[in-house]
Every structure is written in C-alpha cells, then in structure tokens.
Amino acid sequence: MEPKVIKRIGVLTSGGDSPGMNAAIRAAVRTGFYYNIEMFGIYRGYEGMIHNEIKKLDSKNIAHVLERGGTFLKSARSEEFRTPEGRQKAYENLKAHGIDALVVIGGDGSLTGAHLFYKEFGIPAVGLPGTIDNDLSGTDSTIGFDTACNTAIQAIDKIRDTATSHDRLFFVEVMGRDAGFIAINAGIGSAAAAILIPEKKMPIEDLVEKLKVRTKAKKTSNIVIVAEGGKSGGAAEIASKVKKLLPYYDIKVTILGHLQRGGAPSSFDRLLASKLGVAAVEGLLHGKYDVMAGLINHKVVYTPIKKAIVDDKTVDEDDFRVAKILST
Ligand code: ATP
C-alpha cells in the first residue's frame, strides 16, 4: 500500500499493564521526533480516546520512564469502545487533534480494537504486544513476559526457603490467563516438582503419584506451579484435592497475583520494547497498517493483527519434555 503522509501519531496503552510498556512508549515517541512527527499521548487507552484525554508530548514527558514498570499513559478497559457510538466519539477526538495514525500497545483485546478502528475509520495502526501472558502470535516474546517470569522465579525462590525449612508442599499460582507460558518458564526456572498449565491436563492421580515418588527420593521441598487458567482448577482447589489423597503433607498455597505485573522491566524487555517502539513508527511511515510488530529470531516482523490475535500460540512441547526430565 502507498504510505499516507503521517504528521501526527497518537500512542496509547490498553488492557492489563505490563513491564516495558513505558520503554515502548518512549521508543515510539523518540522515533516520531527523529522523523519530525508530532507525537500525542492518549491517556487511559481507548477510554481516554473517547473522553478526549489526549495531550501533545515533548521529550520531557518521556524522560526517565524507560526503567519504570507500569505505564505513565495509564491503561484502562473501555466498554464504550466496544460500541460503534464509542468508536465514533473516539474518531471525532482524533480528528480534532489531527492525529493520522496510532501506536497501540496492549494485549489481544486492545489489538482487536485497533483492527476494528482501522476497518471502520481508516486510521492506520501498528500494534505492539504489551502483555505479560505471551499469548500473541507473531512474536517470540511479548513485552513484559520476561520480567513477569523473573518476578515469579524470584518469589518462588523465597517460597522454596520456607518450603525446605518445614518440609512443606507448596502450590504456587502464577498468572497467564488461558496460557501456560509464565507457568512453564517459571516452573523450569525454579525446579518445580510439577507444572500444571491450561494447555495440558494432568490428572490429580498422576500428580499425587509424582509427589509420592519424590517423597521416596527424600526430596525436602516440593513446589507445584499452577497456571491461573488451568483446566483442573486454581492452586487452592488442586491443593485441597491433593490434601485428601496425601493427608500427611503440610500443604500451603501462594497466589502470586498482581505482583507479577509490576516492577522495573528486565534488560530483555527493555530491548524488546525499544526495538518494537522504533518498528511501530517506522512501520507506519512505510505503509504497514493494521499489523502488529513483533520480534521473531531477533528480527522485526510485521504480522496482520487479525493473524496475531487469532492464531493459537502454544507452549512448546519440548518445554514439557524438559520439565518432565528435570522434575523426575
Ligand atoms: P490483557 O490480555 O493484558 O488483559 P487486552 O488488551 O487483551 O490485555 P482487553 O480487556 O481484552 O485487554 O482489551 C482492552 C480493551 O480493548 C477493551 O477494554 C476494549 O476497549 C478494547 N477491545 C477489546 N476487544 C474489543 C472488540 N472486540 N472491539 C472493540 N474494542 C475492543
């Protein structure tokens, strides 16, 4: 497609926040300045677009944000944007500011919104995968996933100390929605006894058998990682089932929850967010619309948003094999 002339770009973060969003905003804004484009911050995602929370950004707005977790543009979920009337209001506000294109940083819902908006109003958008869940195709890793895994591993290391001191069995629930990426990474990285993820059902009997074998092998601590969207239930539910079958175990449950979303982004996420922020603005300037910029094998790849959100990215089978070998 012949690129449109783009003079003003709006940047927004939407959906659940993730570490590295600030680094992505900063990179997109700095790239815009590099190409003499006026850059606008749209606060509180699509909700702010509808309520005209739009401000022109200068270099001071993006100073010292790269290293901070969260998003200084704030994030929100907007029910109104799901309606044609809401999107019409949002469009009117963009028009009033003369904004010709968008960089949308968020998860699959946010990118779906950008796709619809492009179809309806022709506002070119490049999406960036900003979610800790790593559940978007078209990128090896999403912005925030690496940091979330590091945070989970650090927390599990601490839990391991108390588990070992008391010979306890811990069930630790990690985030990830319907995807087990955080669980499998954090599980392998923290020497978990077992990892339960939504993509693979593990019968409770198999888990109990595994724990019995480990007890015989005189393992002093056992940590079972449970992904929040697991088919067999959450950590508390699984722990109570196991307690009935192994009453002699001292069992505890920890739900890591929102602490996995916070914190300074890892070096990996800073680099990923920076590369993708540049790619978003350069993509728009080269006529790449309605796409998500991702990194595959260290190279920037633009994937149609429709494909990035629909394709089911799954946990690598080989990761299961590795986890199984290492926990036996
Ligand atoms: P995360 O996966 O981290 O929660 P997300 O981007 O998937 O992030 P959602 O709450 O699904 O989070 O979506 C964020 C916002 O995107 C929604 O509040 C809504 O405004 C918009 N959005 C999502 N789906 C649609 C849709 N089908 N049509 C229009 N807008 C949508």
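In this predicted model, helix 1 and helix 9 cross in a right-handed sense. The axes of helix 1, which spans residues 21-34, and helix 9, which spans residues 267-285, come within 7 Å and cross at roughly 40°. On the helix 1 side the contact is made by Ala 23, Ala 24, Ala 27, Ala 28, Thr 31 and Gly 32, and these meet Arg 270, Ala 273, Ser 274, Gly 277, Val 278, Val 281 and Glu 282 of helix 9. Sorted by class, this contact comprises seven nonpolar, four polar and two charged residues.

From the helices one can turn to the sheet, an open arrangement of seven strands in the order 3-2-1-4-5-10-11, with mixed pairing. Its edges are formed by strand 3 (54-56) and strand 11 (299-304), each of which pairs on one side only, and neighbouring strands are turned by 25° against each other on average, direction ignored. Within the sheet, strand 5 (residues 125-129) and strand 10 (residues 291-296) pair in the parallel sense over two bridges, and Gly 127 stands opposite Met 292 in strand 10.

Two further helices meet these strands. Helix 4 (residues 108-121) packs on the sheet and touches strand 4, strand 5 and strand 10, its direction making about 160° with that of strand 4. Helix 3 (residues 84-97) lies across strand 1, strand 2, strand 3 and strand 4, and runs at about 20° to strand 3.

Finally, there is one cavity of 30 Å³ or more, with a volume of about 30 Å³. Its lining consists of Leu 196, Ile 197, Lys 200, Lys 201, Met 202, Gly 230, Lys 231 and Ser 232, which by class are three nonpolar, two polar and three charged residues.

Technical notes
Residues numbered from 1 in each chain as written. Predicted model: local features only at pLDDT ≥ 70, side-chain atom pairs only at ≥ 80, totals over all residues. Heavy atoms only, no water. 1 Å grid on protein atoms, 1.4 Å probe; cavity = no way out; pocket = protein on both sides within 12 Å on 5 of 7 lines; lining within 4 Å. Points joined across faces, edges and corners; volume = space filled by probe spheres on them. Nonpolar A, V, L, I, M, F, W, Y, C, P; charged D, E, K, R; others polar. Axes fitted to C-alpha atoms, helices over the stretch in contact; angles between N-to-C directions. Helix = DSSP H or I, 4+ residues; strand = E, 2+ residues; numbered from the N terminus. Left-handed = near helix turned anticlockwise from the far one by under 90°. Contact = heavy atoms within 4.5 Å. Pairing = 2+ DSSP bridges.
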